[in-house]
Amino acid sequence: MTQPSGTSRPLVSHVSVGVTDLHRAGVFYDAVLAVVGARRIIEHGAGIGYGRAFPEFWANLPRESRGAVASGAGAHVCFNAADPDAVVAFHEAGLAAGGYSDGAPGPRPEYAPGYYAAFLRDPDGNKVEAMCWIARPENA
(Lines give C-alpha, C1' and ligand atoms only; values in the text may rest on other atoms or scores of the structure.)
Protein backbone atom coordinates (compact mmCIF):
# COMPACT_ATOMS: atom_id res chain seq x y z
CA MET A 1 0.00 0.00 0.00
CA THR A 2 1.47 3.35 -0.99
CA GLN A 3 1.47 6.15 1.57
CA PRO A 4 0.44 9.63 0.37
CA SER A 5 3.31 12.11 0.37
CA GLY A 6 3.79 13.85 3.71
CA THR A 7 1.93 11.30 5.82
CA SER A 8 3.17 8.59 8.11
CA ARG A 9 2.06 4.98 8.21
CA PRO A 10 -0.84 4.26 10.55
CA LEU A 11 0.15 2.72 13.86
CA VAL A 12 -1.94 -0.41 13.27
CA SER A 13 -1.75 -2.44 10.05
CA HIS A 14 -4.80 -4.59 10.72
CA VAL A 15 -6.99 -6.02 13.48
CA SER A 16 -8.53 -9.49 13.74
CA VAL A 17 -11.41 -10.82 15.82
CA GLY A 18 -12.13 -14.47 16.45
CA VAL A 19 -15.48 -15.83 15.28
CA THR A 20 -17.14 -19.22 15.51
CA ASP A 21 -19.17 -19.11 12.28
CA LEU A 22 -17.51 -17.43 9.30
CA HIS A 23 -20.71 -17.18 7.24
CA ARG A 24 -22.65 -15.56 10.10
CA ALA A 25 -19.75 -13.16 10.79
CA GLY A 26 -19.63 -12.29 7.08
CA VAL A 27 -23.31 -11.34 7.04
CA PHE A 28 -22.77 -9.06 10.05
CA TYR A 29 -19.52 -7.42 8.92
CA ASP A 30 -20.64 -7.05 5.27
CA ALA A 31 -23.56 -4.97 6.61
CA VAL A 32 -21.83 -2.78 9.20
CA LEU A 33 -18.57 -2.16 7.36
CA ALA A 34 -20.30 -1.10 4.15
CA VAL A 35 -21.71 1.83 6.13
CA VAL A 36 -18.21 3.08 6.99
CA GLY A 37 -16.89 2.64 3.45
CA ALA A 38 -15.19 -0.74 3.75
CA ARG A 39 -15.83 -3.86 1.72
CA ARG A 40 -14.93 -7.52 1.69
CA ILE A 41 -11.53 -7.63 -0.02
CA ILE A 42 -10.38 -11.19 0.49
CA GLU A 43 -11.85 -14.43 1.76
CA HIS A 44 -10.23 -17.76 2.45
CA GLY A 45 -11.26 -20.83 4.37
CA ALA A 46 -10.43 -19.37 7.78
CA GLY A 47 -11.13 -15.65 7.44
CA ILE A 48 -12.62 -12.65 5.70
CA GLY A 49 -10.58 -9.46 5.25
CA TYR A 50 -12.26 -6.05 4.99
CA GLY A 51 -10.97 -2.61 4.12
CA ARG A 52 -11.01 0.18 1.60
CA ALA A 53 -7.95 -0.87 -0.42
CA PHE A 54 -6.16 -3.31 1.88
CA PRO A 55 -7.60 -5.80 4.41
CA GLU A 56 -7.42 -3.75 7.62
CA PHE A 57 -9.98 -5.75 9.59
CA TRP A 58 -10.32 -9.53 9.70
CA ALA A 59 -12.98 -11.90 11.01
CA ASN A 60 -11.15 -15.21 11.51
CA LEU A 61 -11.86 -18.70 12.67
CA PRO A 62 -9.32 -19.44 15.39
CA ARG A 63 -6.20 -21.35 14.39
CA GLU A 64 -6.33 -23.27 17.66
CA SER A 65 -9.02 -25.82 18.31
CA ARG A 66 -10.14 -23.98 21.47
CA GLY A 67 -12.74 -21.87 19.67
CA ALA A 68 -12.99 -18.10 19.33
CA VAL A 69 -11.22 -15.93 21.86
CA ALA A 70 -13.50 -15.15 24.79
CA SER A 71 -15.44 -12.04 23.84
CA GLY A 72 -15.93 -9.05 26.04
CA ALA A 73 -12.49 -9.24 27.62
CA GLY A 74 -12.00 -5.48 27.31
CA ALA A 75 -10.86 -5.24 23.70
CA HIS A 76 -12.95 -3.64 20.98
CA VAL A 77 -12.56 -2.19 17.51
CA CYS A 78 -13.76 1.31 16.59
CA PHE A 79 -14.46 2.28 12.99
CA ASN A 80 -14.50 5.89 11.75
CA ALA A 81 -17.84 7.01 10.37
CA ALA A 82 -18.43 10.03 8.14
CA ASP A 83 -21.16 11.61 10.24
CA PRO A 84 -23.88 10.87 12.83
CA ASP A 85 -26.19 9.45 10.15
CA ALA A 86 -23.53 6.86 9.30
CA VAL A 87 -23.15 5.99 13.00
CA VAL A 88 -26.91 5.41 13.21
CA ALA A 89 -26.86 3.36 9.97
CA PHE A 90 -23.96 1.26 11.34
CA HIS A 91 -25.96 0.48 14.49
CA GLU A 92 -29.15 -0.33 12.55
CA ALA A 93 -27.27 -2.51 10.03
CA GLY A 94 -25.62 -4.44 12.84
CA LEU A 95 -28.92 -5.10 14.61
CA ALA A 96 -30.51 -6.24 11.34
CA ALA A 97 -27.55 -8.54 10.61
CA GLY A 98 -27.62 -10.50 13.87
CA GLY A 99 -25.70 -8.28 16.28
CA TYR A 100 -27.03 -6.68 19.42
CA SER A 101 -26.75 -3.21 20.87
CA ASP A 102 -24.09 -2.38 23.40
CA GLY A 103 -24.90 1.35 23.35
CA ALA A 104 -27.35 3.26 21.16
CA PRO A 105 -26.11 6.02 18.85
CA GLY A 106 -25.56 9.33 20.58
CA PRO A 107 -23.12 11.87 21.96
CA ARG A 108 -20.53 10.59 24.42
CA PRO A 109 -19.34 13.77 26.19
CA GLU A 110 -17.74 11.62 28.87
CA TYR A 111 -15.25 10.47 26.20
CA ALA A 112 -14.58 13.88 24.64
CA PRO A 113 -16.58 16.94 23.57
CA GLY A 114 -18.02 16.24 20.12
CA TYR A 115 -17.60 12.43 20.32
CA TYR A 116 -20.63 10.68 18.74
CA ALA A 117 -20.76 6.87 18.74
CA ALA A 118 -22.75 3.64 18.72
CA PHE A 119 -21.69 0.27 20.09
CA LEU A 120 -22.56 -3.24 18.96
CA ARG A 121 -21.70 -6.81 19.80
CA ASP A 122 -21.27 -9.07 16.79
CA PRO A 123 -22.96 -12.50 16.84
CA ASP A 124 -19.93 -13.90 18.73
CA GLY A 125 -19.97 -11.10 21.31
CA ASN A 126 -17.02 -9.08 19.96
CA LYS A 127 -17.34 -5.36 20.73
CA VAL A 128 -17.39 -3.00 17.73
CA GLU A 129 -18.06 0.72 17.59
CA ALA A 130 -18.59 3.42 14.97
CA MET A 131 -17.76 7.02 15.84
CA CYS A 132 -17.50 10.46 14.33
CA TRP A 133 -16.82 13.97 15.57
CA ILE A 134 -19.66 16.46 15.76
CA ALA A 135 -19.62 20.15 16.60
CA ARG A 136 -18.94 20.83 20.24
CA PRO A 137 -21.86 22.33 22.14
CA GLU A 138 -21.52 26.08 22.77
CA ASN A 139 -21.30 25.56 26.55
CA ALA A 140 -18.68 22.78 26.38
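Glu-43 and Arg-40 form a salt bridge, with their closest N and O atoms 2.6 Å apart. The term salt bridge stands here for a side-chain nitrogen of Lys or Arg within 4 Å of a carboxyl oxygen of Asp or Glu. Glu-43 is partly exposed, with a relative accessible area of 47%, and Arg-40 is also partly exposed, at 30%. On this scale, buried means under 20% relative accessible area, exposed means over 50%, and partly exposed lies in between, with a 1.4 Å probe and protein chains only. Asp-30 joins Arg-40 and Glu-43 in a network of salt bridges.

Before I continue, a word on the model itself. It is a predicted model, in which local features need pLDDT of at least 70 and side-chain atom pairs count only at pLDDT 80 or more, while totals for chains, interfaces and linings use all residues. Residues are numbered from 1 along each chain as its sequence is written, and side-chain values use heavy atoms, with hydrogens and water left out.

How many salt bridges does a search of the whole structure find? The search finds four. Side chains of opposite charge can pair when their charged atoms come close. One of these bridges is between Arg-24 and Asp-124, at 2.9 Å from N to O. This pair links distant parts of the chain, since Arg-24 is in helix α1 and Asp-124 is in the loop between β7 and β8, 100 residues apart. The helices and strands I name are DSSP runs, numbered from the N terminus: helices are H or I with at least four residues, and strands are E with at least two. Arg-24 is partly exposed, at 32% relative accessibility, whereas Asp-124 is buried, at 18%.

Asp-102 and Arg-121 form another salt bridge, their closest N and O atoms being 3.1 Å apart. Here too distant parts of the chain are linked: Asp-102 belongs to strand β6, residues 100-107, and Arg-121 to strand β7, 19 residues apart. Asp-102 is partly exposed at 39%, while Arg-121 is buried at 16%.

Let us turn to a charged residue without such a partner. Glu-129 lies in strand β8. Glu-129 is buried yet has no salt bridge, and the nearest side chain of opposite charge, that of Arg-108, is 7.0 Å away. In this count Lys and Arg are positive and Asp and Glu negative, with His and the chain ends not counted. Which side chain makes a polar contact with the side chain of Glu-129? It is the side chain of His-76, at 2.8 Å. A polar contact is a pair of N or O atoms within 3.5 Å; within protein, one must be able to donate a hydrogen and the other to accept it, and residues adjacent in sequence count only if both atoms are side-chain atoms. Leaving aside residues up to four places away in sequence, Glu-129 touches residues including Val-77, Phe-79, Phe-90 and Tyr-115. Touching, or contact, means heavy atoms within 4.5 Å.

Next, the nonpolar residues. In soluble globular proteins, nonpolar side chains tend to be buried together. A nonpolar core is a set of buried Ala, Val, Leu, Ile, Met, Phe, Trp, Tyr and Cys residues joined through side-chain atoms within 4.5 Å. The largest one in this model has 28 residues, and those with the most contacts inside it are Tyr-29, Val-32, Leu-33, Phe-57, Phe-79 and Phe-90. Among the elements that give two or more residues to this core are α1 (22-35), α2 (84-96) and β8 (127-133). Helix α1 gives the most, with six residues. Apart from this core lies another, of five residues, among them Ala-112, Tyr-115, Ala-117 and Phe-119. Returning to the largest core, Phe-57 touches residues including Val-15, Tyr-29, Leu-33, Ile-48 and Phe-79, not counting those up to four places away in sequence.

Why does the structure hold zero disulfides? A disulfide is a pair of cysteine sulfur atoms within 2.5 Å. The sulfur of Cys-78 has its closest cysteine sulfur in Cys-132, 9.9 Å away, which is too far for a bond. Cys-78 is partly exposed at 35%, and Cys-132 is buried at 3%.

I close with His-14, in the segment before β1 (15-18). Its C-alpha atom is separated by 4.1 Å from that of Glu-56, although the two are 42 residues apart along the chain. His-14 is partly exposed at 41%, and its side chain makes a polar contact with the side chain of Ser-13, at 3.2 Å.
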